[in-house]
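Biologist: I have just opened my first protein model, and I would love some help reading it. Could we go through it together, one feature at a time?

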Amino acid sequence: MPSTCKFNLNSPNAVFYSGQIVCGSIVLKTTSDKDVRNVRIRFVGEAKVSWDETERHRKSHGHQGSRTVHYRANEIYIDNCSQVRGEGVLPKGTHTYNFNIPLPLSCPTSCEGKYGHIRYALWLIVERSFRFDNEFSKPLTVIRTVDLNLNPMYRVPLESEKTSSIGCWPCAGGKITYILRVPFGAYAPGQTLHYTLLIQNQSMTDISGYSLEFNEHITFTAHTPRHKTRTKETTLATQEHSDQCLRLTNRQFEGDLVLPSLPPDTEDSCIIRVRHRLEFEIYVDGCHSNKTITVPIFIGTVPIRESMANDSNFMAVAPTAPLLPSGDSTDMPPSYGDFKPPSFEEAIRSHSPFEDPDANDHSNVIGFRPLYPMYPNANEKQ
């Protein structure tokens, strides 16, 4: 029977915030004596990007050929390794190893995409003499706090306006104006996003309805063999509406969209950049093309207070300072200010999860989904 390994963490759901301390124990059970060079605990946090492209190139004598180009990039955020046992015989039985690992404040949030991931993992590595090493791993979720209350621009309502002409001269059929309004520029996962769509139809064409999508755009940046980017768009939530706006009339539509579990927007300097957008498609009857109108939505991890003021999860208490590493306080949960602590839910699964090209049969983890803080809908009023 092979050896088994159990990871006991100070966070039961394996979710940590940057600046906190990851601590606990690893319990290794062996069924036979093992000659080992050492036993060590390693904590690694990194961003990795990888994809292949087929490109044409000119061969000798002017002939055209094709080749596969491997695009890569890697960023290390933490690589903490400590030896817990030296060389010798590891007797069969149960062995417990304790660990205490501080996370840097600069650690970006865990994220999984088609062409890369930001991932954190705890390892127990039993290095053996003249045999394959025994490797055990536990993926974790690390979240970098993005408090939306710290940027006053996120409180400013969003508005996007577009006007389109129907038909062309000399058979012009009028104009249609679309105005999309959202009360805040940023939200946290789990919140309810309210929208208003105003249609001023001064044309001879009817509008038969509209649909909306909440889309996630992840840009992956490779540095090797040269700088190149690749973007993957994923639709996270959709709605379909058959509300009409007849010719020569004005209509205003209002609705709500509950945001699912999703990663926060990331900084531009990271090799994996996450952005989000709310997009509407308006169905124009006849031989006319449909019209689209969009607004960017910034996603953070702590909601704007005003956006939760009527929610049952909002507490009318004085805001507290964000948690900073100071002695034993880094081992405590983060401060949520005016809000009750959120729940945590798995991110929406990617249709094509990233497969690490450097992973082996022992270290390859496919299908891992990070957990993100969720603030329940603001539908239940106090």
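Biologist: How much area does the protein expose, and what share of it do carbon and sulfur atoms supply?

Modeller: The protein exposes about 19,400 Å², and carbon and sulfur atoms supply 49% of that area. Keep in mind that we are looking at a predicted model.

Biologist: What is the mean pLDDT of the protein?

Modeller: The mean pLDDT is 87, and 85% of the residues reach 70 or more. Over residues 312-333, though, the pLDDT is below 50, and this stretch has 43 contacts in the model beyond near neighbours in sequence. Residues 378-382 also stay under 50, with 12 contacts beyond four places in sequence. Where pLDDT is low, the predicted coordinates should not be read in detail.

Biologist: How many helices and strands does the protein have?

Modeller: There are zero helices and 22 strands. As for burial, 47% of the 382 residues count as buried. You can also ask how far along the chain the contacts reach: among those between residues at least 6 apart in sequence, 73% join residues at least 24 apart.

Biologist: Let me try a sheet. In what order do the strands of the four-strand open sheet run?

Modeller: The order is β11-β12-β14-β17, with antiparallel pairing. To find the edges, look for strands that pair on one side only: here they are β11 (158-165) and β17 (249-258). Neighbouring strands in this sheet are turned by 15 degrees against each other on average, direction ignored.

Biologist: Over how many bridges do β14 and β17 pair?

Modeller: Strand β14, residues 192-203, pairs with β17 over 10 bridges in the antiparallel sense. To see one position in detail, find L198, which stands opposite Q252 in β17.

Biologist: What is D256 in contact with, leaving aside its neighbours within four places in sequence?

Modeller: D256 is found in strand β17, and its contacts are T192, L193, H194, Y195 and Q239. Compare sequence and space as well: D256 and Q191 are 65 residues apart in sequence and 9.9 Å apart in space, C-alpha to C-alpha. With a relative accessible area of 41%, D256 is partly exposed.

Biologist: Now the three-strand sheet. Which strands stand at its edges?

Modeller: This open sheet has the order β1-β3-β7, and its pairing is antiparallel. The edges are β1 (4-9) and β7 (93-102); each has a single partner strand, so one side of each is left without a neighbour in the sheet. The twist averages 20 degrees from one strand to the next. Strand β3, residues 21-30, pairs with β7 over 10 bridges in the antiparallel sense, and the bridge partner of G24 in β7 is F99.

Biologist: How many aromatic pairs does the structure hold?

Modeller: It holds nine aromatic pairs. When you read one, look at the distance between the centres and the angle between the planes. Y115 and F220 are edge-to-face, at 5.6 Å centre to centre with 85 degrees between the planes. This pair links distant parts of the chain: Y115 is in the loop between β8 (111-112) and β9 (116-128), while F220 is in strand β15 (residues 207-222), 105 residues apart.

Biologist: Is Y115 buried or exposed?

Modeller: Y115 is buried, because its relative accessible area of 12% falls under the 20% cut-off. F220 is buried as well, with a relative accessible area of 1%.

Biologist: And how are the rings of Y154 and F298 arranged?

Modeller: Y154 and F298 are stacked, 4.8 Å centre to centre with 20 degrees between the planes. Y154 is in the loop between β10 (134-143) and β11, and F298 is in strand β20 (residues 298-299), 144 residues apart. Y154 counts as buried at 18% relative accessibility, whereas F298 is partly exposed at 22%.

Biologist: Which residues do ring pairs link into a cluster?

Modeller: The cluster is made of W51, Y71, Y115 and F220.

Biologist: One last residue: where is T234?

Modeller: T234 is in strand β16, residues 228-241. Leaving aside neighbours within four places in sequence, T234 is in contact with F214, N215 and E216. T234 is partly exposed, with a relative accessible area of 21%.

Definitions and conventions
Residues are numbered from 1 along each chain as its sequence is written. This is a predicted model: local features need pLDDT of at least 70, side-chain atom pairs count only at pLDDT 80 or more; totals for chains, interfaces and linings use all residues. Side-chain values use heavy atoms; hydrogens and water are left out. pLDDT is the predictor's confidence in each residue, from 0 to 100. Contact means heavy atoms within 4.5 Å. Helices (H or I, at least four residues) and strands (E, at least two) are DSSP runs, numbered from the N terminus. Buried means under 20% relative accessible area, exposed over 50%, partly exposed in between (1.4 Å probe, protein chains only). Accessible areas come from the Shrake-Rupley method with a 1.4 Å probe; for residues, only the protein chains shown count as cover. Two strands pair if DSSP finds at least two bridges between them. Axes are lines fitted to C-alpha atoms, for helices over the stretch in contact, and angles run from 0 to 180 degrees between N-to-C directions. Rings of Phe, Tyr and Trp (its six-membered ring) pair if their centres lie within 6.5 Å; planes under 30 degrees apart count as stacked, over 60 as edge-to-face and the rest as tilted.
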